[in-house]
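Open the model in your viewer and keep the selection tool at hand. The stops below are taken one after another.

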Amino acid sequence: MYENINILKFSMKNCQPCKRYAPIFNEFIEETGIKSSNVDIDEQHELASKYNVMSVPTTVFIKNGEVVSTQTGAMSKPALRKMVESFA
């Protein structure tokens, strides 16, 4: 169902909202099996620039290689699910 979807979660080590969001995001990914990557913007600033990430946490939703949505701030599992289902 989610084979053509990939989610990038941009964060940084010393970001408290990122730390709170990480287990929620990881649990969602585990439940759905969606392909995902955790991107530390300090280590991969070029990738952050490519996706115009200005603050963290930022979640980038990609379908068939194209960005379909970018959300800044932590998201709940229901919000993540609703976002993915809107374009799945």
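Start with Arg81, which is partly exposed, at a relative accessible area of 29%. This is a predicted model. Add Glu31 to the selection: the two side chains form a salt bridge, with 3.2 Å from N to O. Arg81 belongs to helix α3 and Glu31 to helix α1, and 50 residues separate them along the chain.

Keep Glu31 and select Lys77. These two also form a salt bridge, their closest N and O atoms lying 2.8 Å apart. Lys77 is in helix α3, 46 residues from Glu31 in helix α1. Glu31 has a relative accessible area of 45%, and Lys77 one of 23%; Glu31 is partly exposed, and Lys77 is partly exposed too. Now add Glu27: Glu27, Glu31, Lys77 and Arg81 are linked in a network of salt bridges.

Next, select Glu43 and Lys13. Their salt bridge has its closest N and O atoms 2.4 Å apart. Glu43 sits in the loop between β2 (35-40) and α2 (45-50), while Lys13 sits in the loop between β1 and α1, 30 residues away in the chain. Both Glu43 and Lys13 are exposed. The model has five salt bridges in total.

Then turn to the largest nonpolar core, which has 14 residues. Among the members that touch the most others are Ile5, Ile7, Phe28 and Val84. The elements giving two or more residues to this core are β1 (5-11), α1 (16-32) and α3 (77-87). Select Ile7 by itself: beyond its neighbours within four places in sequence, its contacts include Phe25, Ile34, Thr59 and Phe61.

Last, select Cys15, Cys18, Ala48 and Ile62, which are among the eleven residues of another core, apart from the largest one.

Technical notes
Residues numbered from 1 in each chain as written. Predicted model: local features only at pLDDT ≥ 70, side-chain atom pairs only at ≥ 80, totals over all residues. Heavy atoms only, no water. Core = buried A, V, L, I, M, F, W, Y, C linked by side-chain atoms within 4.5 Å. Buried < 20%, exposed > 50% of the residue type's maximum accessible area, 1.4 Å probe, protein only. Helix = DSSP H or I, 4+ residues; strand = E, 2+ residues; numbered from the N terminus. Contact = heavy atoms within 4.5 Å. Salt bridge = Lys/Arg side-chain N within 4 Å of Asp/Glu carboxyl O.
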